[in-house]
Amino acid sequence: QVQLVESGGGLVQAGGSLRLSCTVSGRTMTVQTMAWYRQAPGKQRDKVASITRGDSTNYADSVKGRFIISRDNAKKTVTLQMSSLKPEDTAVYYCNAEIATFLTGLNTYWGQGTQVTVSS
């Protein structure tokens, strides 16, 4: 059974930094594009950043220059380094990955979410 396990959320003051990590567990063939989404209370879930298996990255305009997404294909992990955090970055952050398995083919998986709170 494939699972995405996140870690690294917490409370930080504005201007501070946090690092989120997500690890894929279970039997997989390949892990394709990995991404981070976030959802603030009362708002829709939005993509923050994504990274392909070949390390091509894409960022939401609101986080460009402040967040960096990276991955380790051998360890099946994706990391989001967040700097210069703002109160408006407060949200639950979700890991997302497109994963191919032997039994089910290519599907999209989600982590359980980790809370990031930025105080002003």
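This report describes the aromatic ring pairs of the structure and the charged group placed over two of the rings.

## Basis of the model

The model is predicted: local features need pLDDT of at least 70, side-chain atom pairs count only at pLDDT 80 or more, and totals for chains, interfaces and linings use all residues. Residues are numbered from 1 along each chain as its sequence is written, and side-chain values use heavy atoms, with hydrogens and water left out.

## Aromatic pairs

A search of the whole structure yields 2 aromatic pairs. Rings of Phe, Tyr and Trp (its six-membered ring) pair if their centres lie within 6.5 Å; planes under 30 degrees apart are stacked, over 60 edge-to-face, and the rest tilted. Tyr37 and Trp110 are edge-to-face, at 4.8 Å centre to centre with 65° between the planes. Because Tyr37 lies in strand 4 (residues 30-39) and Trp110 in strand 10 (residues 105-110), this pair ties together parts 73 residues apart in sequence. Strands (E, at least two residues) are DSSP runs, numbered from the N terminus.

Tyr94 and Trp110 have ring centres 6.5 Å apart and planes at 85°, so this pair is edge-to-face. Tyr94 lies in strand 9 (residues 91-101) and Trp110 in strand 10, so the parts joined are 16 residues apart in sequence. Ring pairs thus link Tyr37, Tyr94 and Trp110 into a cluster.

## Accessibility

Buried means under 20% relative accessible area, exposed over 50%, and partly exposed in between (1.4 Å probe, protein chains only). Tyr37 is buried at 17%, Tyr94 is buried at 14%, and Trp110 is partly exposed at 38%.

## A charge over the rings

A charge sits over a ring if NZ of Lys or CZ of Arg is within 6 Å of the ring centre and within 35 degrees of the ring normal. Arg45 lies over the face of Tyr94, 3.6 Å from the ring centre. The charged end of Arg45 also sits over the ring of Trp110, at 4.7 Å from its centre.

Methods
Helices (H or I, at least four residues) and strands (E, at least two) are DSSP runs, numbered from the N terminus.
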